[in-house]
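Got your viewer open and a hand on the mouse? Let's take a walk through this fold, one selection at a time.

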Amino acid sequence: MTTLLRAPRQCASWYWDLDEIVPPGIESALKVASDAVTVLKQFDLLTPVSLEYNWYVLHSGFTGVRSSLYGFTSLDDPALPKKLLASRPSGFPKAQISEVSVVGSGTWFDGAGEARVEPQVVDLSVTTGPFGPSVTVSVHHDIWSWFDFSGRPHPEVHSRNAPRLADALRALESALGIEAETGEATYFGSAVGYSVSTPDADDDGMGPNLTRKL
């Protein structure tokens with residue numbers, strides 16, 4: 001059961017463009033995804049449950065079709081690329097996979113230090129385009145921020161979670177071989193270094209109330 005509010009857009013994101021390091025294709029993308037999951041699992045941030053992937057047709061664009069795969073044994077399974085491609089939508093016989101998202105659960109810690117498991121604590125996606133894969137990690141919860149979504153400071157939650165995310169991002173940089181770039185800002189926040197941005201507080205020490213857009 002979910003216990004956290006989740007923003008409809010990311011509070012922060014980071015990406016790694018591997019087009020000059022890793023060859024294109026679904027096999028390469030899954031290998032990169034496997035390497036990233038190995039790192040995130042070390043920090044209890046992502047245990048995979050399913051894969052979700054979008055289909056596109058070259059020169060035509062996205063098909064609007066999104067597929068899901070459950071019950072796979074490993075992202076390193078040599079049969080996995082064929083299994084994904086075998087689910088190609090029949091209405092688009094030339095469609096290819098544009099991006100694979102690894103969906104799973106992760107652990108976060110509440111203000112009392114109790115560990116809790118939550119779906120999609122961290123989101124991970126890898127593109128499969130013709131120029132080589134890119135990796136994106138994004139977060140959609142307020143546990144990484146100094147303020148919760150209602151604007152109240154929650155330093156105990158922040159101190160128990162934000163450093164773990166920062167350490168995981170640094171470990172991903174080492175595993176992928178390049179530094180992370182920060183993604184675009186949204187209404188719910190942005191990435192600053194390895195952290196989620198902290199907005200200015202008002203005279204009462206409160207941050208902005210973001211709940212009206214949740």
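The crossing of helices α1 and α3 is right-handed. (A crossing is left-handed if the near helix is turned anticlockwise from the far one by less than a right angle, and right-handed if clockwise.) Before you click on, know that this is a predicted model, where local features need pLDDT of at least 70, side-chain atom pairs count only at pLDDT 80 or more, and totals for chains, interfaces and linings use all residues. Residues are numbered from 1 along each chain as its sequence is written, and side-chain values use heavy atoms, with hydrogens and water left out.

**Stop 1: two helices**

Select residues 26-42 for α1 and residues 155-176 for α3; the two pack at an angle of about 145°, with axes 9 Å apart. Axes here are lines fitted to C-alpha atoms, for helices over the stretch in contact, and angles run from 0 to 180 degrees between N-to-C directions. The element names come from DSSP runs: helices are H or I with at least four residues, strands are E with at least two, and both are numbered from the N terminus.

Which residues of α1 and α3 meet? Show V32, A36, V39 and L40 on the α1 side, then A168, A171, L172, A175 and L176 on the α3 side. Contact means heavy atoms within 4.5 Å. Sorted by class, this contact has nine nonpolar, no polar and no charged residues. For that sorting, Ala, Val, Leu, Ile, Met, Phe, Trp, Tyr, Cys and Pro count as nonpolar, Asp, Glu, Lys and Arg as charged, and the others, Gly among them, as polar.

**Stop 2: the core**

Now pick W14, W16 and L84, which touch the most other members of the largest nonpolar core, a set of 54 residues. Such a core is a set of buried Ala, Val, Leu, Ile, Met, Phe, Trp, Tyr and Cys residues joined through side-chain atoms within 4.5 Å. Elements giving two or more residues to this core include β1 (12-17), α2 (80-85) and β4 (96-109). The most comes from α1, with nine residues.

Zoom in on L84. Leaving out residues up to four places away in sequence, L84 touches I26, L30, L51, Y53, W55, L69, I97 and V100.

Hop across to L69, in strand β3. Is L69 buried or exposed? L69 counts as buried because its relative accessible area is 13%; buried means under 20%, exposed over 50%, and partly exposed in between (1.4 Å probe, protein chains only). With the same four-place neighbours left out, L69 touches S50, L51, Y53, L80, K83 and L84. Try a distance label too: the C-alpha atoms of L69 and Y53 are separated by 8.6 Å, with their positions 16 residues apart along the chain.

**Stop 3: charged pairs**

Side chains of opposite charge can pair when their charged atoms come close. How many salt bridges does a search of the whole structure find? The count is eight, a salt bridge being a side-chain nitrogen of Lys or Arg within 4 Å of a carboxyl oxygen of Asp or Glu.

Start with E52 and R66, whose closest N and O atoms are 3.1 Å apart. This pair links distant parts of the chain, with E52 in strand β2 and R66 in strand β3. R66 is partly exposed, at 41% relative accessible area.

Next, select R116 and D110, with their closest N and O atoms 3.0 Å apart. R116 is partly exposed at 31%, whereas D110 is buried at 11%. Add E114 to the selection: salt bridges that share partners join D110, E114 and R116 into one network.

**Stop 4: the loop before α3**

Go to the loop between β7 (134-139) and α3, where you will find D148. D148 forms a salt bridge with R152, the closest N and O atoms being 3.1 Å apart. D148 counts as buried because its relative accessibility is 13%. D142 lies in the loop between β7 and α3 as well, and D142 is buried at 11%. Aside from neighbours within four places in sequence, D142 is in contact with F147, D148, F149 and H154.

**Stop 5: two backbone surprises**

Most residues other than glycine have a negative phi. Click H59, though: its phi is positive, about 75°. H59 sits in the loop between β2 (47-57) and β3 (61-70) and is exposed, with a relative accessible area of 80%.

Finish at Q120, in the loop between β5 (115-119) and β6 (123-127). Its phi is also positive, near 50°, and Q120 is partly exposed at 27%.
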